[in-house]
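Colleague: Got a minute to walk me through this one? I'd like to go through the contacts first.

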2 protein chains.
Amino acid sequence: MLDAGLHLLADQNLASLGVREVTREAGLSPAAFYRHFPDLAALGVALVEESLASLHVMIRSVLAEAGDAEELIDRAVDVIRRHVREHRPHVRFLARERHGGVRRVREAIDAELGRFAAEVGAALALQPVSRGWSEQDLRMLAELYVDHMVSTASAFLEAQEADPDRERRIAATARLQLRLISLGRRHWRGN
Amino acid sequence: MLDAGLHLLADQNLASLGVREVTREAGLSPAAFYRHFPDLAALGVALVEESLASLHVMIRSVLAEAGDAEELIDRAVDVIRRHVREHRPHVRFLARERHGGVRRVREAIDAELGRFAAEVGAALALQPVSRGWSEQDLRMLAELYVDHMVSTASAFLEAQEADPDRERRIAATARLQLRLISLGRRHWRGN
DNA sequence: GAACTCGGTGAACATTTGTCAACCGAAATC
DNA sequence: GATTTCGGTTGACAAATGTTCACCGAGTTC
């Protein structure tokens with residue numbers, strides 16, 4: 001049933017999805033839906049959790065790597081690209097519903113992205129470049145990174161629909177941007 | 001009719017909007033809709049244009065200002081906050097439909113954001129800090145700024161629903177982030 | 001003054017929808 | 001071996017939907 005929903009949400013959004021539509025796609029009778037979810041919103045929340053599980057794995061794999069800044073940037077962008085490629089439906093769902101019409105789903109996504117930012121912040125604190133940084137500064141940097149990741153993922157999403165060259169350009173741009181941020185980081189407060 | 005649509009899209013998204021719903025809100029008969037638009041998508045595109053007109057004005061007003069980097073950042077963030085406050089329905093609409101379920105609307109928004117980036121890029125090229133920057137570098141910086149603006153506007157959108165304190169925190173974070181970017185900019189390629 | 005366009009109405013069409021109650025077989029529990 | 005739970009079905013209900021057609025009054029144009 002979740003798969004059916006996800007498949008339909010490829011070119012629709014949650015608010016315009018219908019119970020009957022989902023069950024039809026899943027090959028079940030309409031009433032069967034209510035055996036699993038009370039609401040369509042509930043199905044949405046379930047999809048959020050499913051989607052974020054894989055995202056979580058991705059983020060950790062980026063944070064865990066070691067190497068100099070350049071290598072790290074290259075790998076981060078690459079991981080994002082691969083992730084979008086391999087989980088396109090999930091990523092599309094998240095992008096679409098992040099500001100979508102269903103409050104509960106929006107809140108679930110936002111809360112989870114906030115948790116990601118916290119995790120990234122904790123990882124940043126461990127790097128030597130961050131010595132002397134305040135909590136607030138770390139947090140804002142983490143949010144900048146997360147926002148940038150989201151933007152990049154969205155861009156990949158639209159690009160990969162067809163254009164393999166545009167995908168390369170997006171990756172190049174993202175790397176440059178991360179390099180600039182990393183530069184600003186090294187010179188923060190005259191460090 | 002546009003106003004009616006915009007009002008309904010406060011807690012719905014375009015794909016789930018109905019012709020009858022719009023006309024009912026506008027106080028007209030269902031058939032009247034087809035006198036103005038062939039489609040609901042067409043109404044969406046019209047709303048995009050309406051929304052982007054005000055956005056355009058905002059961006060120009062930021063770019064036109066002069067002053068040192070700090071002042072510029074403060075004013076930019078302030079303009080964004082004010083804009084979200086005064087045009088909340090339009091901004092909400094853009095955020096929601098940017099990755100929404102209606103292709104034509106999505107494309108219209110993306111094309112226009114691209115044009116914004118070009119405009120920002122042109123303005124950046126005139127600043128002395130950008131001497132020696134390649135076209136590509138300018139473009140990536142412009143996109144970074146535009147993406148950041150979009151993220152910030154989205155954040156304001158959610159915050160202003162109720163919480164006036166959270167709004168101040170978001171503004172503070174945005175300023176820090178812009179400051180960091182501006183720092184990276186000054187040290188780009190060892191300038 | 002006649003003709004035409006513009007923006008509006010009302011009624012009708014088949015279609016789709018959400019939701020529920022009653023029922024049912026199989027598997028798990030006791 | 002009886003009973004309960006689980007996940008499924010059928011069928012029905014009123015309600016809402018997109019779209020079209022014929023019609024109409026008020027301005028505008030000729």
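Modeller: Sure. Of the atoms of DNA strand C within 4 Å of the protein, 41% belong to sugar or phosphate, and the rest belong to bases. Keep in mind that this is a predicted model.

Colleague: Noted. How many residues surround DNA strand C, and which are the closest?

Modeller: There are 15 residues around DNA strand C. The closest are Arg20(A), Arg24(A), Tyr34(A), Arg35(B) and His36(B).

Colleague: What does Arg24(A) reach on strand C?

Modeller: A phosphate oxygen. A polar side-chain atom of Arg24(A) sits 2.7 Å from a phosphate oxygen of DNA strand C.

Colleague: And His36(B), how far is its polar side-chain atom from a phosphate oxygen of that strand?

Modeller: 2.5 Å, again for a polar side-chain atom and a phosphate oxygen of DNA strand C. Ser29(B) uses its backbone instead: a backbone N or O atom lies 2.8 Å from a phosphate oxygen of DNA strand C.

Colleague: Which helices supply at least two residues of the surface near strand C?

Modeller: Helix H2 (19-26) of chain A and helix H3 (33-36) of chain B each do that. H2(A) gives the most, with three residues.

Colleague: How do the residues of that surface divide into nonpolar, polar and charged?

Modeller: Near DNA strand C you have seven nonpolar, three polar and five charged residues.

Colleague: Switch to DNA strand D. Which residues come nearest there?

Modeller: Ser29(A), Arg35(A), His36(A), Arg20(B) and Tyr34(B), out of 15 residues around DNA strand D. Of the strand D atoms within 4 Å of the protein, 40% belong to sugar or phosphate and the rest to bases.

Colleague: What does Arg20(B) approach on strand D?

Modeller: A base nitrogen. A polar side-chain atom of Arg20(B) lies 2.5 Å from a base nitrogen of DNA strand D.

Colleague: What about the phosphate oxygens of strand D, which residue has a backbone N or O atom 2.7 Å from one?

Modeller: Ser29(A), through a backbone N or O atom at 2.7 Å. His36(A) works through its side chain: an N or O atom there is 2.5 Å from a phosphate oxygen of DNA strand D. As for elements, helix H2 (19-26) and H3 of chain B give two or more residues to the surface near DNA strand D.

Colleague: Which helix gives the most to the surface near strand D?

Modeller: H2(B), with three residues. By class, the surface near DNA strand D has seven nonpolar, three polar and five charged residues.

Colleague: OK, off the DNA. How many helices and strands are in chain A?

Modeller: Eight helices and zero strands. Along the sequence, the pattern of chain A is α-α-α-α-α-α-α-α. Its C-alpha atoms fill a box of roughly 65 × 40 × 25 Å along the principal axes.

Colleague: How do H4 and H7 of chain A cross?

Modeller: H4(A) covers residues 69-86 and H7(A) covers 135-159; their axes come within 9 Å and cross at roughly 45°. That angle makes H4(A) oblique to H7(A). The crossing is right-handed.

Colleague: Which residues meet there?

Modeller: From H4(A), Val77(A), Ile80(A), Arg81(A) and Val84(A). From H7(A), Met149(A), Thr152(A), Ala153(A), Phe156(A) and Leu157(A). The residues of this H4(A)–H7(A) contact divide into seven nonpolar, one polar and one charged.

Colleague: And in chain B, at what angle do H5 and H8 pack?

Modeller: About 45°, with the axes 9 Å apart; H5(B) is residues 69-86 and H8(B) is residues 135-159. H5(B) and H8(B) are therefore oblique to each other. H5(B) passes H8(B) in a right-handed crossing. H5(B) brings Val77(B), Ile80(B), Arg81(B) and Val84(B) to the contact, and H8(B) brings Met149(B), Thr152(B), Ala153(B), Phe156(B) and Leu157(B).

Colleague: Last one, between chains. Are H8(A) and H8(B) roughly parallel or roughly perpendicular?

Modeller: Roughly perpendicular. H8(A), residues 164-186, packs against H8(B) at an angle of about 75°, with the axes 9 Å apart. An angle from 65 to 115 degrees counts as roughly perpendicular, so H8(A) and H8(B) fall in that class.

Colleague: Which residues make the contact?

Modeller: On H8(A), Ala172(A), Thr173(A), Leu176(A), Gln177(A) and Leu180(A). On H8(B), Gln136(B), Asp137(B), Met140(B), Leu141(B), Glu143(B) and Leu144(B). By class, this H8(A)–H8(B) contact has six nonpolar, three polar and two charged residues.

Definitions and conventions
Residues are numbered from 1 along each chain as its sequence is written. Chains are lettered from A and ligands numbered from 1 in the order in which they are written. This is a predicted model: local features need pLDDT of at least 70, side-chain atom pairs count only at pLDDT 80 or more; totals for chains, interfaces and linings use all residues. Side-chain values use heavy atoms; hydrogens and water are left out. A residue is near a molecule or strand if one of its heavy atoms lies within 4 Å of it. A polar contact is a pair of N or O atoms within 3.5 Å; within protein, one must be able to donate a hydrogen and the other to accept it, and residues adjacent in sequence count only if both atoms are side-chain atoms. Helices (H or I, at least four residues) and strands (E, at least two) are DSSP runs, numbered from the N terminus. Ala, Val, Leu, Ile, Met, Phe, Trp, Tyr, Cys and Pro count as nonpolar, Asp, Glu, Lys and Arg as charged, and the others, Gly among them, as polar. Axes are lines fitted to C-alpha atoms, for helices over the stretch in contact, and angles run from 0 to 180 degrees between N-to-C directions. Angles under 35 degrees count as roughly parallel, over 145 as roughly antiparallel, 65 to 115 as roughly perpendicular and the rest as oblique. A crossing is left-handed if the near helix is turned anticlockwise from the far one by less than a right angle, and right-handed if clockwise. Contact means heavy atoms within 4.5 Å.
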